[in-house]
Amino acid sequence: MKALRSHRCGQINESLIDNIITVSGWAQRRRDHGGVIFIDLRDASGLLQVVVDPDAKEAFEIADTVRNEHVLRITAKVRARPEGTTNSDMPTGMVEVYATEIEVLNRSEPIPFQLDEEDVSEAVRLKYRYLDLRRENMQRIFRLRSQVTKFFRDFLEAEHFVDIETPILTKSTPEGARDYLVPSRVHAGEFFALPQSPQLFKQLLMVAGFERYYQIARCFRDEDLRADRQPEFTQLDIETSFMNEEEIMAMMETMIRDLFKQALDVDLPAQFPRMTYAQAVEQYGIDRPDLRNPLQLVSVTDLVKNEEFKVFSGPANSQEGRVAALRVPKGASRLSRKEIDNYADYIANYGAKGLAYIKVNDLAAGRDGLQSPIVKNLSDDALESMMRRVGAEDGDLVFFGSDSAKIVNDSLAALRNKLGEDLKLIKGAWAPMWVVDFPMFEKDTQSGNWTSLHHPFTAPKTDQIDTLSSDPGSVLSRAYDMVLNGTEIGGGSIRIHQSEVQKRAFTALGIDDAEAEEKFGFLLDALRYGAPPHGGIAFGVDRIVAMMSGVESIRDVIAFPKTQKASCLLTDAPSGVDKTQLRDLHIRLSASAQSAQSEN
């Protein structure tokens with residue numbers, strides 16, 4: 001039996017000149033140049049130019065039938081390329097191979113798009129994902145992904161972490177998003193849940209005495225999707241015992257810094273800057289600011305409380321309100337009225353009812369040097385104080401947000417990011433940072449109940465444990481997020497390791513003893529048996545690889561992703577199932593579900 005290959009395409013170089021080799025791969029393209037046929041043969045290692053001369057009659061006849069993406073086995077002699085035809089951009093660009101034998105291992109029908117096409121719709125790419133993945137850029141991305149996960153494993157193994165798998169079929173527990181549920185055939189009417197994260201199991205592994213755990217874990221969340229979310233995703237999950245937040249953050253900072261140096265030859269800062277949650281929201285409107293963007297929010301709430309202009313004074317005098325300014329240096333001449341109106345429409349998606357602005361034409365002229373529909377509604381003192389506080393200069397444009405603090409923060413943070421992109425204000429390639437001192441709880445706007453900002457197992461600041469019962473809204477947590485270029489790539493915290501403290505946290509969340517025992521009894525029990533102080537972090541592998549690859553969507557770094565409607569165009573999943581399967585699972589479809597299924 002003949003070997004399918006003796007060498008890989010990308011290995012063929014000048015050291016093999018005059019050798020007879022056998023290569024296999026796909027025909028990237030075939031060209032007929034005056035009776036001589038050239039075939040660019042591609043395998044996973046690279047591209048190789050094959051020359052087929054009429055003198056090799058049988059090989060030439062077969063080559064004449066080859067079309068793009070046919071799978072070929074070629075035996076050939078390696079020779080130097082003729083002078084003037086070398087290609088220094090290719091590892092194999094100094095040689096070509098002279099085919100003596102060609103075998104078609106499999107033919108390909110005409111493919112629905114060419115692999116070098118740039119404007120292929122995502123729907124077509126996902127439907128024919130196995131072809132999309134043949135693209136050079138996609139191959140590069142997944143080799144980088146493999147390099148990233150290997151680096152994580154090597155780094156953590158060297159730090160004495162143990163790779164342990166945790167269950168995929170588990171108990172449904174509230175972690176901030178909807179669970180994917182799996183009905184049990186054996187236990188009628190009961191369900192497993194797919195894990196949103198291995199959070200509780202990794203804490204139990206600390207109780208078990210492993211001290212340092214990691215896992216490259218598949219996680220599942222049934223939530224609304226966007227570019228950086230998928231219903232199933234991969235995270236690097238880490239937990240440690242007997243380390244405080246400073247020690248964990250220092251180790252993780254080293255890991256990410258070393259990763260970027262090894263994979264991209266990028267030098268991240270020797271020490272990542274830190275910012276409290278309160279500072280981030282105050283200055284950037286968001287807890288994951290992009291520090292490459294120089295624009296900042298400035299609160300002017302106190303300056304407009306006594307103004308008659310209700311658009312400003314109303315929110316300024318509300319306990320939940322905020323009035324904030326966003327100064328765009330020299331923006332008065334850079335943005336037209338139409339562009340400003342477009343920005344107003346843009347931030348309406350974040351709940352803003354409008355976008356007030358002032359163009360600073362001549363600051364020395366006072367009110368007369370300010371151009372805006374709102375200037376007439378504000379006093380001289382308010383205008384002067386606001387311009388002074390934001391540091392306005394002639395030629396600047398100052399935007400204002402006035403509403404509930406949440407709407408102002410969300411809308412101006414989005415506007416800041418958009419202006420940064422549109423006006424090319426982004427400076428530098430990489431800006432990592434830590435955000436710390438998160439509130440432990442936040443109020444649910446609909447129910448008015450306290451909810452966990454991270455998750456219910458995050459430890460409060462040590463000196464605020466007693467405040468859990470009396471004033472939960474003031475309690476800060478021992479949580480920390482790593483942010484890179486405005487994207488959260490990792491989030492973690494020190495966990496609650498004492499059963500009584502965990503119960504107090506549950507009580508603050510409105511979870512009584514009976515519910516806590518039903519949902520988390522196994523955790524509370526474990527904490528009673530000598531649980532060590534512990535904490536950890538989880539990194540979004542998909543997000544990190546997407547950023548390192550320079551792609552906008554994590555769908556491009558997941559081999560077989562779902563669409564924004566959580567469906568797989570390749571396999572046509574989700575799909576209906578046989579009635580017998582439903583009966584075995586004790587499930588009966590509602591009339592509306594049956595109707596929807598028949599329509600699909």
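The 72 positive and 91 negative charges of the chain have mean positions 3 Å apart. These values come from a predicted model.

**The chain as a whole**

The chain has 600 residues, and 46% of them count as buried. Its secondary structure comprises 18 helices and 22 strands. The C-alpha trace spans about 95 × 70 × 55 Å along its principal axes. Accessible surface totals about 30,100 Å², with 48% belonging to carbon and sulfur atoms. Among contacts with a separation of 6 or more, 67% join residues 24 or more positions apart.

**Helix 12**

Helix 12 covers residues 405–422, 18 residues in total. From first C-alpha to last it reaches 25 Å. That is close to the 26 Å expected at 1.5 Å a residue.

Which residues of helix 12 are buried? They are Val 408, Asn 409, Ser 411, Leu 412, Ala 413, Ala 414, Leu 415, Arg 416, Leu 419 and Gly 420. An arginine, Arg 416, is thus listed alongside leucines such as Leu 412 and Leu 415.

The buried residues of helix 12 pack against two helices and three strands, tabulated here.

| Element packed against helix 12 | Residues |
|---|---|
| Helix 7 | 277–284 |
| Strand 12 | 297–299 |
| Strand 13 | 321–328 |
| Helix 10 | 337–348 |
| Strand 16 | 397–404 |

Strand 16 ends at residue 404, and helix 12 begins at residue 405. At the other end, Lys 424 lies just after helix 12. Lys 424 takes a positive phi of about 55 degrees.

Conventions: Residues numbered from 1 in each chain as written. Predicted model: local features only at pLDDT ≥ 70, side-chain atom pairs only at ≥ 80, totals over all residues. Heavy atoms only, no water. Helix = DSSP H or I, 4+ residues; strand = E, 2+ residues; numbered from the N terminus. Buried < 20%, exposed > 50% of the residue type's maximum accessible area, 1.4 Å probe, protein only. Contact = heavy atoms within 4.5 Å. Areas by Shrake-Rupley, 256 points an atom, 1.4 Å probe, with all protein chains shown as cover. Lys, Arg positive; Asp, Glu negative; His and termini not counted. Charge placed at Lys NZ, Arg CZ, Asp CG, Glu CD. Expected span 1.5 Å × (residues − 1).
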